[in-house]
2 protein chains.
Amino acid sequence: MAAFRFQLEHQDDKTRARAGTFRTDHGEVSTPIFMPVGTAGTVKAVSQQQLKDDTGAQIILGNTYHLYLRPGLDVLQAAGGLHRFNHWDRPILTDSGGYQVFSLAASRKITEDGVVFQSHIDGSRHLFTPENVMDTQRRIGADIIMAFDECPAWPSDYKYVKTSMELTHRWLDRCLKRFHETGPLYGHDQYLFPIVQGGTHADLRKASCETIASKGADGHAIGGLSVGEPTEMIYEYCGLCCEHLPVDKPRYLMGVGTPWDLLECIALGIDMFDCVMPTRNGRNAMLFTTQGVINIDNKKWEYDFSPLDEGLPNAFSQYYTKAYVRHLMKSKEILGLTIASIQNLSFYIWLVGEARTHIIAGDFASWKASTLEIIKRRI
Amino acid sequence: MAAFRFQLEHQDDKTRARAGTFRTDHGEVSTPIFMPVGTAGTVKAVSQQQLKDDTGAQIILGNTYHLYLRPGLDVLQAAGGLHRFNHWDRPILTDSGGYQVFSLAASRKITEDGVVFQSHIDGSRHLFTPENVMDTQRRIGADIIMAFDECPAWPSDYKYVKTSMELTHRWLDRCLKRFHETGPLYGHDQYLFPIVQGGTHADLRKASCETIASKGADGHAIGGLSVGEPTEMIYEYCGLCCEHLPVDKPRYLMGVGTPWDLLECIALGIDMFDCVMPTRNGRNAMLFTTQGVINIDNKKWEYDFSPLDEGLPNAFSQYYTKAYVRHLMKSKEILGLTIASIQNLSFYIWLVGEARTHIIAGDFASWKASTLEIIKRRI
């Protein structure tokens, strides 16, 4: 089984951007990277072959909360883990389920032990604890798994955030203990990332980074951002966390964000991202392209037979036209959702790949400035 | 531009099944063939690449009624025709819109001139005549286009069906006149198939076949079957039509049917089929497989990690498991609809391909008998 071995290949002179590589038993990942979200064991509307061939995804994310509820752990374990269940042979990362328990479950009650919640599907009651969330992620079998944390709403007062962060830290110790007492179930290694919390309070963020960093994990996640606060605060606290997290481990900013958020946060030192935005916004006709942002429902595209995005290397974006995709969206055809999802995922993955290229080439800052101008505009 | 040139390669000894080939400027088609239905310029939930690589589709169908309303003829003509609009470079057949005017439109009024109807989308009023339906299909640009007909409901009394059939025949003459007065718009040739009507009245069917056959068209369609009558009547009147249609032209049975309908009607002398059943039933969790019919929603598949269909050559059916597809369908994931559609289309196209192989090998009748036993069972 592979050592995780994050290799930092290049650090930018003018920003804190980095290019690196990490290794899992399901293959290498070049950073910075964007991970498409495969909520229930599928990236919505996209086949695994399309993910590989058309979007170029190197690693995808699965949601522990969703997978635990459906299909359930017995099915996943009988299948031989999520990779075999969904026929995806590249790396997978699972979150801990904490965020969905707070955002989706019908009701929840937090105690020192863990969280009791009701399923949003059938109202059934369940308990997540740091220990059983480790066991659950062992059974799902992702390459990278996340510690169980509480993600406070924004805004929350200092006292609540501090108490919550301390609980997350105590839960982390319980996660680490269980993680080290158990082993992977499917013959490939798993790596645990702890999660920094601390809300939008600088001293708490700093303290959380130091606590998390002291555990010697293979990588570090930043949680509790992009939960409603202004964009400038995302960048401020993301930057602060990057300053206080080790240089030699990958940094994963959870649930962020727009394409320009990615570039800004890469410049602050982030290596890994995930977000439902490319797929969710795509299904709502918002397309991110190398030329700017498109509302493909708009009548202006009715006669536009130019490729969806000439700037992307994937065949989908080359051979489908704006007029055709608009027609599909207006007609509520499923293929429209698929094409829009592939376009947006391809764009995100192309964008972080370009960032990487320019970090290595040494002109990331100027490339970022000129690229932001283009990709943020509405066309 | 190619001559249509239907070549009859083999006729079965024990049945009236035939194997043949016809040629269009977008490529050859081997018969018997099943044509996936691409209603609004897309086969629902399936990309053009998946259609080619995974289902093996040789030719697809487009619906004139749908395409006329949305995206509309101006868009299609500006795109350079449907092939360029939807990025499908193999043959396309369009129906005449007649069937949808009668089954979908909000209201309709038939006169000698044509049919005035209201759009099911926005209630707007439109007129289809034999002449403008030819012009419409010139502008859509399918390789094979259909004459405008009235399709009477079942049951309809003798007098109504006779009057309707005579109208269809008069419309056919107007279609042929307009067809020959005009030419293709996009540099590839188009071929017009007339449609036999006559309901479930033997003398009318026979008369309609003789009238239609006298026009010397490149192929002949049988309409007005599978509109509610018992299955045995479909076979009875399909067989009767085949007996009275020329041997040297392809025979296309419109809108039929189940996989076993296809085998029965191939045995009666049909060469071409289309039906929404594989895609529509697939989206409702009914899978046709080489082992029998599956309701993939059923709990019995929850732990079944065998391939969706080991008997099919396509990769989709090999690497996705029954348990995974069941999970996707239960979770209402779009990928489930795509996989189910591809499975069913692959199965239909595999089935007619096998029929062809056995017609040529000379053992079609015995192969059909043993195959029907397997594919009809519920598993």
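Visitor: Which residues does T200(A) touch, leaving aside those up to four places away in sequence?

Guide: With those sequence neighbours left out, T200(A) touches W154(A), E229(A), M233(A) and Y237(A). Please keep in mind throughout that this is a predicted model, and that a touch here stands for heavy atoms within 4.5 Å. T200(A) itself lies in the loop between β12 (195-196) and α8 (202-213) of chain A.

Visitor: Why is T200(A) called buried?

Guide: The relative accessible area of T200(A) is 15%, and the word buried is used for anything under 20%. Since 15% falls under that limit, T200(A) counts as buried.

Visitor: What makes S317(A) count as buried?

Guide: S317(A) has a relative accessibility of 1%, which is under the limit of 20%, and therefore it is placed among the buried residues. This serine is found in helix α12 (residues 315-319) of chain A, where it touches P307(A), L308(A), D309(A), L312(A) and Q343(A), if residues up to four places away in sequence are not counted.

Visitor: What joins the side chains of S317(A) and Q343(A), and why is it given that name?

Guide: The two side chains are joined by a polar contact of 2.8 Å. The name asks for a pair of N or O atoms within 3.5 Å, one able to donate a hydrogen and the other to accept it, and the distance of 2.8 Å is within that cut-off.

Visitor: What makes H87(B) partly exposed?

Guide: Its relative accessible area is 33%, and because the range for partly exposed runs between the 20% limit for buried and the 50% limit for exposed, H87(B) belongs there. H87(B) lies in the loop between α4 (82-86) and β6 (92-94) of chain B, and it has a positive phi of about 60° although it is not a glycine. A positive phi is also found at A45(A), again not a glycine, with a value of about 75°. A45(A) lies in the loop between β4 and α1 (48-55) of chain A and, at 3% relative accessibility, is under 20% and therefore buried.

Visitor: How do you know that β2 and β3 of chain A pair?

Guide: Pairing requires at least two bridges between the strands, and β2 (residues 18-24) and β3 (residues 27-31) of chain A have five, in the antiparallel sense, so the requirement is met. One of the partners is easy to find, for G20(A) is bridged to T31(A) in β3(A), while R23(A) stands opposite E28(A). The two strands form a hairpin with two residues between them.

Visitor: How do you know that β1(A) and β2(A) pair as well?

Guide: They share four bridges, again antiparallel, and since at least two are needed, these strands also count as paired. In β2(A), T21(A) is the bridge partner of Q7(A), and the hairpin that joins β1(A) to β2(A) runs through six residues.

Visitor: What makes β1 and β3 of chain A edge strands?

Guide: Three strands form an open sheet in the order β1-β2-β3 of chain A, with antiparallel pairing. β1 (7-11) and β3 are its edge strands, as each pairs on one side only. On average, neighbouring strands of this sheet are turned by 15° against each other, direction ignored. Helix α14 (residues 334-361) of chain A packs on the sheet and touches β1, β2 and β3, its direction making about 120° with that of β2(A).

Visitor: How do you know that the end C-alpha atoms of α9 in chain B are as far apart as they should be?

Guide: Helix α9 (residues 231-244) of chain B has 14 residues, and at 1.5 Å a residue it should span 20 Å; its end C-alpha atoms are 20 Å apart, so the two values agree. Among its buried residues are M233(B), I234(B) and Y237(B), and what covers the buried residues includes α8 (202-213) and α10 (259-268) of chain B.

Visitor: Why are the two copies said to be related as by a two-fold rotation axis?

Guide: A rotation of 180° with 0.0 Å of shift along its axis superposes chain A on chain B, with an RMSD of 0.0 Å. The copies are thus related as by a two-fold rotation axis. Of the residues of chain A, I334(A) comes closest to that axis, its C-alpha lying at 3.8 Å.

Visitor: How do you know that the copies meet through the same surface?

Guide: Of the interface residues of chain A, 100% are also interface residues in chain B, and therefore the copies meet through the same surface.

Note on methods. Residues are numbered from 1 along each chain as its sequence is written. Chains are lettered from A and ligands numbered from 1 in the order in which they are written. This is a predicted model: local features need pLDDT of at least 70, side-chain atom pairs count only at pLDDT 80 or more; totals for chains, interfaces and linings use all residues. Side-chain values use heavy atoms; hydrogens and water are left out. Copies are superposed by least squares on the C-alpha atoms of residues with pLDDT of at least 70 in both. Buried means under 20% relative accessible area, exposed over 50%, partly exposed in between (1.4 Å probe, protein chains only). Axes are lines fitted to C-alpha atoms, for helices over the stretch in contact, and angles run from 0 to 180 degrees between N-to-C directions. The expected span of a helix is 1.5 Å times one less than its number of residues.
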